[in-house]
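Welcome! Here are a few short exercises to work through with the structure beside you.

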Amino acid sequence: MKVFTLSTVLGLAAVASAEIFLHETFSDNEGWKDRWTVSSHREDLGKLTVSPGTWFADEEKSAGLRTTEDYRFYSVSAPIKPFENKDKDLVIQFDVKNDQSIDCGGSYLKLFSDKFDPNNFHGDSEYNIMFGPDFCGSKAMVHAILNYNGKNHDLKKTVSAPKDLFTHTYTLIIKPNQTYQVLVDGEEKAAGELVEDWDFLPPKTIKDPEAKKPEDWVDEAEIDDPEDKKPEGYDDIPEFIADPEATKPEDWDDDMDGEWEAPSIPNPEYQGPWSPKRIANPEYKGAWVHPEIDNPDYKVDNEIYAYSFANLGFDLWQVKSGTAFDNILVTDDIEEAKKIRDESLELAEKEKEAKKAFDEQEAAKEKDLVEEEEEVKPEVEQEEVVIDLDAEEAPVEKEEEPVKEEEVKRHVKDEL
């Protein structure tokens, strides 16, 4: 049986200092509607439902929040226990299953502060973190976008997202020492320092605006050899010459064809336009390097990682619906996140056999349907035609001659 849905109660932690701020498993069917709010920003949002999808390894455990309408936006959110991650580890993790063979659509989530308005949730709503996979055509990548001072910054490293029909678990870990990890199915796909892999801060140094390259600076490494002279007659050598092997055809008629000329071929003695040899420049000083100074706009910030959280939501566009989200987890407990992830991965491993069984079942249904259609197809009975050669020829009835219009008028006149 699934863990209790939406674990936001105090004390749900492996150790005293660790907490789970949200663990949504959608295990109570329609109960999710009491916790999640569909945005009223627009009226044509796609509908969501809790479902394990078209095929699954475990109907109950595989149930997740699923998109159901093609070519639709989706905007839905839920409150989480308000918290700040300063001096704490932050783990954001969730499962995504695209059993519709997604072609173009987002599958990421967003985390918000307490200033978030769930009823007016839309694509431009300011968020703290956006994380998860995004697909369009051959492009399949994992976003990790962090907001800093009101501006969104995307991870500079490229993380590929699996593009198949099975469930995958995405994990983002941010630590107080301003390092991070991006995991896909428990495997590290990117890691490093926030200030190195996001452009949060301006560069530490900049080019000195007062410095200029000296006018007499020589940065040409080579020069023409002043001693090198062009040989006499060099320019008289033609690029092409008449082919000495060519002969006039025997059937060539000078009167009819004109004066014969041998075809041209490249001249082996032609060396192209002349240019003097290049020699090392004795006055070369090397490439001029613009001196740098400390950037006055650069300021160390050791709390880039720190946010205040109160809400989580999905703001998506999908061309083809069918994406399911499950096991949405926000916690400061890395070990608890691993435990939940391992359970998801164990279930996901069984999906391959479930998909194979589903395909075989669908193929059997299709075969049975074809056979049934063949059975109920009406047989066309051919009526036997018997020709009696001894039968007397039936008399041919004479066609009634059409009554002439004048005769009709005469009869009418007589009646009157």
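A polar contact is a pair of N or O atoms within 3.5 Å. Keep in mind that this model is predicted.

**Exercise 1.** Find which backbone nitrogen a side-chain oxygen of Asp333 reaches at the start of H4.

*Solution.* Begin at Asp333 and look along the chain to Glu335: the oxygen comes to within 3.2 Å of the backbone nitrogen of Glu335. That fits the 3.5 Å cut-off for a polar contact.

**Exercise 2.** Describe the course of helix H4 and what its buried residues pack against.

*Solution.* First, take the span: H4 covers residues 334–376, 43 residues in all, and reaches 62 Å from first to last C-alpha, close to the expected 63 Å. Next, look for a bend; there is one of about 30 degrees at Lys352. Then pick out buried residues, among them Ile340, Leu347 and Ala354. Finally, see their partners: the buried residues of H4 pack against strands including E1 (20–24) and E22 (323–331).

**Exercise 3.** Work out whether Lys110 and Asp315, which form a salt bridge, are buried or exposed.

*Solution.* Start with the pair itself, whose closest N and O atoms are 3.1 Å apart. The two lie in distant parts of the chain, Lys110 in strand E8 and Asp315 in strand E21, 205 residues apart. Buried means under 20% relative accessible area. Lys110 has 3%, so Lys110 is buried; Asp315, at 10%, counts as buried too.

**Exercise 4.** Judge how confident the predictor is.

*Solution.* The mean pLDDT of the chain is 87, with 86% of residues at 70 or more. Over residues 8–16, however, pLDDT is below 50, and over residues 403–416 it stays under 50.

Definitions and conventions. Residues are numbered from 1 along each chain as its sequence is written. This is a predicted model: local features need pLDDT of at least 70, side-chain atom pairs count only at pLDDT 80 or more; totals for chains, interfaces and linings use all residues. Side-chain values use heavy atoms; hydrogens and water are left out. Helices (H or I, at least four residues) and strands (E, at least two) are DSSP runs, numbered from the N terminus. The expected span of a helix is 1.5 Å times one less than its number of residues. The bend at a residue is the angle between axes fitted to the seven residues ending there and the seven starting there. Buried means under 20% relative accessible area, exposed over 50%, partly exposed in between (1.4 Å probe, protein chains only). Contact means heavy atoms within 4.5 Å. A polar contact is a pair of N or O atoms within 3.5 Å; within protein, one must be able to donate a hydrogen and the other to accept it, and residues adjacent in sequence count only if both atoms are side-chain atoms. pLDDT is the predictor's confidence in each residue, from 0 to 100. A salt bridge is a side-chain nitrogen of Lys or Arg within 4 Å of a carboxyl oxygen of Asp or Glu.
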